[in-house]
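Student: Can we go through this one together? I'd like to start with a single residue and work outwards.

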Amino acid sequence: MSDKAALLLLPNLLGDQRHQEVFLPSSVAKAVQSIDGLIAESETEGRRYLGRFETKRPAMEIPIALFNEHTPDDHIDFLLEPISKGERWGLVSDAGLPCVADPGSKLVWRARQRGLMVQAFVGPSSILLALMLSGLPGQRFAFNGYLDKEPSKRKLQIQKLAKTSAQDGVTQIVMEAPYRNKHTLEALVSLLPDDALLCAAWDLTMSTQGVVSQSIQLWKKSPLPNLDKKPALFLFVL
């Protein structure tokens, strides 16, 4: 592992697993051991992440800077300043990969504008794992983030995504806040045509992982899974 100044894009687990080595390659552990500081979404999750690995100094002495959806854009240069002075800092999301469904992309874009080295490390992505497990076509897919929480707007979004899927054969992927899973799944089942294929995938990589992938016709005949308070993704194609 090089000791050159860099921003390291570090993968995180998708859930509270005891043994991170099952899901994170040894290259991640070596990368964490080289960092001078960590940029995280929250102090608590950042400390928890560092506590999983050996670090060059005691984990509690590694500085943590916060970067999340509430961070003003004019703070980005300040966050990158230690790297421009020769240090190595990691960027980690609360779960999964930084910069994927995550505001970290702004940090990477600015780092590239400033000519700073950026390195990425492989790890679990709930979006890609759900696509792999769904059995739905992976040649063309689109991740659309969260649907609108207002029912009438959510209905229009689903109808628009369904139209695009029917025209272009695109597998549409959406995620939801765990407390809205039930309403979103019910909306998808009621609004999509019977021959559409719909997958619900939840608690990925956890012992409670579940995946149901079938036609809307079958969804209407089956009891809906209980997804309350579970991180879930929904995928469909027409």
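**Loops, cores and surface**

Tutor: Fine. C99 sits in the loop between β4 (88-92) and α4 (104-113). Keep in mind that this is a predicted model.

Student: Is C99 buried or exposed?

Tutor: C99 is partly exposed, because its relative accessibility is 23% and buried means under 20%.

Student: What does C99 touch, leaving aside neighbours within four places in sequence?

Tutor: C99 is in contact with L9, L91, G104, S105 and V108, with neighbours within four places in sequence left aside.

Student: And how far is C99 from Q17?

Tutor: Their C-alpha atoms are separated by 22 Å. Along the chain, C99 and Q17 are 82 residues apart.

Student: What about the backbone phi of C99?

Tutor: C99 has a positive phi, about 80 degrees, although it is not a glycine. T205 also has a positive phi, in its case about 75 degrees, and is not a glycine either.

Student: Where is T205, and is T205 buried or exposed?

Tutor: T205 lies in the loop between β8 and β9 (210-215). T205 counts as buried because its relative accessible area is 18% and the cut-off for buried is under 20%.

Student: Back to the loop between β4 and α4. Where does G96 go?

Tutor: G96 is found in that loop, between β4 and α4. G96 has 4% relative accessibility, so G96 counts as buried.

Student: Which residues does G96 touch, not counting those up to four places away in sequence?

Tutor: On that count G96 touches L10, P11, N12, L13, L14 and P124. Take L10: G96 and L10 are 86 residues apart in sequence, yet their C-alpha atoms are 9.0 Å apart in space.

Student: How much of the contact in the chain is between residues 24 or more positions apart?

Tutor: Such pairs account for 74% of the contacts in the chain with a separation of 6 or more.

Student: Change of topic. How many helices and strands are there?

Tutor: The chain has 8 helices and 10 strands. The C-alpha atoms fill a box of roughly 60 × 35 × 30 Å, taken along the principal axes.

Student: What share of the residues count as buried?

Tutor: 45% of the 238 residues of the chain count as buried. L80 is one example: L80 is placed in helix α3 (residues 76-84), and L80 counts as buried because its relative accessibility is 0%.

Student: What is L80 in contact with, leaving aside its neighbours within four places in sequence?

Tutor: Those contacts of L80 are L7, L107, R110, A111, R114 and L116. For a long distance, take Q139: the C-alpha atoms of L80 and Q139 are separated by 36 Å, and the two residues are 59 apart along the chain.

Student: Now the inside. Which residues have the most contacts in the largest nonpolar core?

Tutor: That core has 20 residues, and those with the most contacts inside it are L185, L188, L192, L198, W219, F234 and F236. At least two core residues come from each of α6 (151-168), α7 (181-191), β8 (197-202), α8 (216-221) and β10 (232-237). Helix α7 gives the most, with 4 residues.

Student: What is L192 in contact with, again without neighbours within four places in sequence?

Tutor: L192 is in contact with I158, A162, I216, F236 and L238. Another core lies apart from the largest one; this other core has 18 residues, among them V28, I62, I64 and V92.

Student: How many aromatic pairs are there?

Tutor: The count comes to 1 aromatic pair. Y49 and F53 form the pair, with 5.1 Å centre to centre and 55 degrees between the planes, and it is tilted. Both Y49 and F53 are buried.

Student: And on the outside, which residues make the nonpolar surface patch?

Tutor: L128, M132, L133, F141 and V211 make a patch of about 460 Å². Helix α5 (residues 126-134) gives the most to the patch, with 3 residues.

Student: Where is L128, and how exposed is L128?

Tutor: L128 lies in helix α5. L128 is partly exposed, with a relative accessible area of 42%.

Student: Last one: how much area does the chain expose?

Tutor: About 12,400 Å², of which carbon and sulfur atoms supply 54%.

Notes. Residues are numbered from 1 along each chain as its sequence is written. This is a predicted model: local features need pLDDT of at least 70, side-chain atom pairs count only at pLDDT 80 or more; totals for chains, interfaces and linings use all residues. Side-chain values use heavy atoms; hydrogens and water are left out. Rings of Phe, Tyr and Trp (its six-membered ring) pair if their centres lie within 6.5 Å; planes under 30 degrees apart count as stacked, over 60 as edge-to-face and the rest as tilted. Buried means under 20% relative accessible area, exposed over 50%, partly exposed in between (1.4 Å probe, protein chains only). A nonpolar core is a set of buried Ala, Val, Leu, Ile, Met, Phe, Trp, Tyr and Cys residues joined through side-chain atoms within 4.5 Å. Contact means heavy atoms within 4.5 Å. Patches are made of residues with over 30% relative accessible area and no salt bridge: like charges are joined within 9 Å, nonpolar side chains (Val, Leu, Ile, Met, Phe, Trp, Tyr) within 5 Å. Accessible areas come from the Shrake-Rupley method with a 1.4 Å probe; for residues, only the protein chains shown count as cover. A salt bridge is a side-chain nitrogen of Lys or Arg within 4 Å of a carboxyl oxygen of Asp or Glu.
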